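Colleague: I have a sequence and a set of coordinates on my screen, and I would like some help reading them. Could we go through the fold together, one question at a time?

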Amino acid sequence: MEYGFGMVSKAKLDELRALVRASGLRATPSRLAVLDMLLASRRPISHADVSARLSGRGWDPVTLYRNLMDFVEVDLARRSDMGDHVWRFEPVRSEPHASMHPHFVCTECGTVACLPEMQFVVPRARAPRSVKQREIEVQVRGLCDGCA
Ligand SMILES: [Zn+2]
Ligand SMILES: [Zn+2]
């Protein structure tokens, strides 16, 4: 099957289908294409990124947005706002996204990159519930190599 960004092997397709179905969603072609793009990306991607890549295949931006939100709802993806009010999405169950990790945001060009996971210990009594439950976003802001 072709998605507009190269051929996807049968094995890869089966794997994507299994992931989507295991989460309780129907494995529609657009969901498979969106998930494939999320898993292949080395950084969180926005709805605009997904649309730019996939809308040429006949899927409208609204459908692609719903696909992204479906994945967030079933915990296949998480979304973060890097401070520019743009939601960026990344898969939850694949490396290097297996667990919570900080994101680097370039204050000059807006480039976003995933950083390795960091453990930080929070005193139990002091921290808000969201911190204890690790429902927080850790950001590192500075200049990327290209802007420094
Ligand atoms: Zn930069
Ligand atoms: Zn990340």
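**Reading the model together**

Colleague: Let's start with H85: is it buried or exposed?

Modeller: This is a predicted model, so please read everything here in that light. H85 sits in the loop between strand 2 and strand 3. A residue with 12 or fewer other C-beta atoms within 10 Å is exposed. With 6 C-beta neighbours inside 10 Å, H85 therefore counts as exposed.

Colleague: What is the phi of H85?

Modeller: H85 is not a glycine, and its phi is nevertheless positive. The value is about 60 degrees.

Colleague: Which residue in the turn of that hairpin has a positive phi of about 100 degrees?

Modeller: Strand 2 and strand 3 form a hairpin, with 5 residues between them. The two strands, residues 77-81 and residues 87-91, pair in the antiparallel sense over 5 bridges. The turn residue with that phi is G83.

Colleague: And which residue of strand 3 is the bridge partner of R78?

Modeller: Two of the pairs can be named here. S80 has R88 as its bridge partner in strand 3. For R78, the partner in strand 3 is E90.

Colleague: How many residues of strand 3 are buried?

Modeller: Strand 3 is also joined to strand 1 (residues 45-46), which runs antiparallel to it, by 2 bridges. In that pairing I45 stands opposite F89. Strand 3 is largely enclosed by the rest of the structure, because the buried residues number 4 of the 5.

Colleague: Now the stretch just before the hairpin. Is D75 buried or exposed?

Modeller: D75 lies in the loop between helix 4 and strand 2. Its phi is near 75 degrees, a positive value in a residue other than glycine. Since D75 has 10 other C-beta atoms within 10 Å, it is exposed.

Colleague: Is L76 buried or exposed?

Modeller: L76 also belongs to the loop between helix 4 and strand 2. The cut-off for burial is 20 or more other C-beta atoms within 10 Å. L76 has 25 of them within 10 Å, so L76 is buried.

Colleague: What distance separates the C-alpha atoms of L76 and L35?

Modeller: Along the chain, L76 and L35 are 41 residues apart. In space, their C-alpha atoms are separated by 8.7 Å.

Colleague: L35 makes me curious about the helices. At what angle do helix 1 and helix 2 pack?

Modeller: Two packed helices are described by the angle between their axes and the distance between the axes. Helix 1 covers residues 10-22 and helix 2 covers residues 29-40, with the axes 10 Å apart. The angle is about 105 degrees. That makes helix 1 and helix 2 roughly perpendicular.

Colleague: Which residues of helix 2 make that contact?

Modeller: Helix 1 brings L13, L16, R17, L19 and V20 to the contact. Across the two helices, the contact residues divide into 6 nonpolar, no polar and 3 charged. The residues from helix 2 are R31, L32, L35 and D36.

Colleague: Which helix supplies the largest share of the largest nonpolar core?

Modeller: This core has 18 residues, and those with the most contacts inside it are V34, L35, L38, V50 and L68. Helix 1, helix 2, helix 3 (47-54) and helix 4 (61-73) each supply at least two residues of it. The largest share is 6 residues, and it comes from helix 2.

Colleague: Which residues does V34 touch, leaving out those up to four places away in sequence?

Modeller: V34 is one of the residues with the most contacts inside the core. Leaving out those sequence neighbours, V34 touches V50, L54, L64, N67 and L68.

Colleague: On to the open sheet: which strands stand at its edges?

Modeller: The sheet has 3 strands in the order 5-4-6, with mixed pairing. The edge strands each have a single partner strand, so one side of each is left without a neighbour in the sheet. They are strand 5 (112-114) and strand 6 (139-142).

Colleague: Which residue of strand 5 stands opposite V105?

Modeller: Strand 4 (residues 103-106) and strand 5 run antiparallel and are joined by 3 bridges. The residue opposite V105 is V112.

Colleague: To finish, how many helices and strands does the protein chain have?

Modeller: Along the sequence, the pattern reads α-α-β-α-α-β-β-β-β-α-β. The count for the protein chain is 5 helices and 6 strands.

Terms used
Residues numbered from 1 in each chain as written. Chains lettered and ligands numbered in written order. Predicted model: local features only at pLDDT ≥ 70, side-chain atom pairs only at ≥ 80, totals over all residues. Axes fitted to C-alpha atoms, helices over the stretch in contact; angles between N-to-C directions. Parallel < 35°, antiparallel > 145°, perpendicular 65-115°, else oblique. Contact = placed C-beta atoms within 7 Å. Nonpolar A, V, L, I, M, F, W, Y, C, P; charged D, E, K, R; others polar. Core = buried A, V, L, I, M, F, W, Y, C linked by C-beta atoms within 7 Å. Pairing = 2+ DSSP bridges.
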